[in-house]
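This report looks at the empty space inside one protein model and at the ligand bound to it. Where does the space lie, and what surrounds it?

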Amino acid sequence: MTTIAAYQGDITRFPADVIVNAANSSLLGGGGVDGAIHRAAGPDLLAACRLLGGADTGEARMTDAFNIRTAQKIVHAVGPVYRNYSPENAAELLASCYRNSLDLAKGYRSIAFPAISTGVYGYPIRDATKVALATITTWLAENPAILDTITLVAFSGTDFDTITDSLRAS
Ligand code: ADP
């Protein structure tokens, strides 16, 4: 049985075997949660990411967590820039981020996601949360008893409220 939980705060301090980064396709760092993760993990993360050679929208890659001692691994998922796609295509690409991240976390007990694409990339939080929960639920039906906990991490209080509302309704 896997628990789906919500947490408000900084994902770089959240204890989970795997934390997910909302990366851009260069995988070389950026603003928002990406910047926070690179600052917390230290320069070795950038060196590791350079070796990956980027990733396409919807894809994910895994690295060590370096100086982030609360996690073992970081998954770098490239979310869609919302305005660049139709809502349907954006949803499919966001779902791919969640699915690919969960696939990479097989073998670990817990994973924590930020609200991928909902910052600078402009994906409405309510719609993004629906996609996240639907994708997680489908993945769990296909991959039962692998993970103990999947946590959706909200940075702001309003995002946290949106996520907890969606969790209650699901
Ligand atoms: P994107 O480019 O995918 O939109 P952002 O980093 O701009 O990525 O935003 C994604 C989400 O991550 C937003 O909801 C933002 O508030 C949140 N966020 C920013 N910093 C952190 C952090 N340290 N921990 C968790 N979430 C964060």
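Helices (at least four residues) and strands (at least two) are DSSP runs, numbered from the N terminus. The model described here is predicted.

**The largest pocket**

With that numbering, strand S2 (18–23), helix H1 (32–41) and strand S6 (149–154) each contribute at least two residues to the lining of the largest pocket, and H1 gives the most, with four residues. The space in this pocket comes to about 570 Å³, and of the 25 residues that line the pocket, those closest to its centre are Ala-22, Gly-32, Val-33, Asp-34 and Gly-119. Sorted by class, the lining of the largest pocket consists of 13 nonpolar, nine polar and three charged residues.

**The ligand**

The largest pocket is where the ligand sits. Around the ligand there are 15 residues, of which Asp-10, Val-33, Ser-117, Gly-119 and Val-120 come nearest. H1, which gives the most to the pocket lining, also gives the most to the shell around the ligand, here with three residues. The shell divides into eight nonpolar, five polar and two charged residues.

Which backbone atoms lie within 3.5 Å of an oxygen atom of the ligand, as a polar contact requires? Three such pairs are set out below, each between a ligand oxygen and a polar backbone atom of the named residue.

| Residue | Protein atom | Ligand atom | Distance |
|---|---|---|---|
| Val-33 | polar backbone atom | oxygen | 2.8 Å |
| Val-120 | polar backbone atom | oxygen | 2.9 Å |
| Tyr-121 | backbone N or O atom | oxygen | 3.0 Å |

On its own the ligand has 560 Å² of accessible area, and the protein covers 90% of that area. Two of the residues in the table, Val-33 and Val-120, are also listed among those that come nearest to the ligand, and Val-33 is in addition one of the residues closest to the centre of the largest pocket.

**The cavity**

Apart from the pocket, the structure holds one cavity of 30 Å³ or more. The largest cavity contains about 70 Å³ of space, and of the 13 residues that line it, the closest to its centre are Tyr-98, Ala-115, Thr-129, Ala-132 and Ile-163. Strand S5 (110–114), helix H4 (125–142) and S6 each supply at least two residues of this lining, with the largest share, four residues, coming from H4. By class, the cavity lining has eleven nonpolar and two polar residues, and no charged ones. S6 thus takes part in both linings, supplying at least two residues to that of the largest pocket and at least two to that of the largest cavity.

Technical notes: Residues are numbered from 1 along each chain as its sequence is written. This is a predicted model: local features need pLDDT of at least 70, side-chain atom pairs count only at pLDDT 80 or more; totals for chains, interfaces and linings use all residues. Side-chain values use heavy atoms; hydrogens and water are left out. On a 1 Å grid over the protein atoms alone, a cavity is a set of points where a 1.4 Å probe fits but cannot get out, and a pocket is an open set with protein on both sides within 12 Å along at least five of seven lines; lining residues have an atom within 4 Å of a point. Grid points are joined across faces, edges and corners, and a volume is the space filled by probe spheres set on the points. Ala, Val, Leu, Ile, Met, Phe, Trp, Tyr, Cys and Pro count as nonpolar, Asp, Glu, Lys and Arg as charged, and the others, Gly among them, as polar. A residue is near a molecule or strand if one of its heavy atoms lies within 4 Å of it. A polar contact is a pair of N or O atoms within 3.5 Å; within protein, one must be able to donate a hydrogen and the other to accept it, and residues adjacent in sequence count only if both atoms are side-chain atoms. Accessible areas come from the Shrake-Rupley method with a 1.4 Å probe; for residues, only the protein chains shown count as cover. A molecule sits in a cavity or pocket if more than half of its atoms lie within 2 Å of its grid points.
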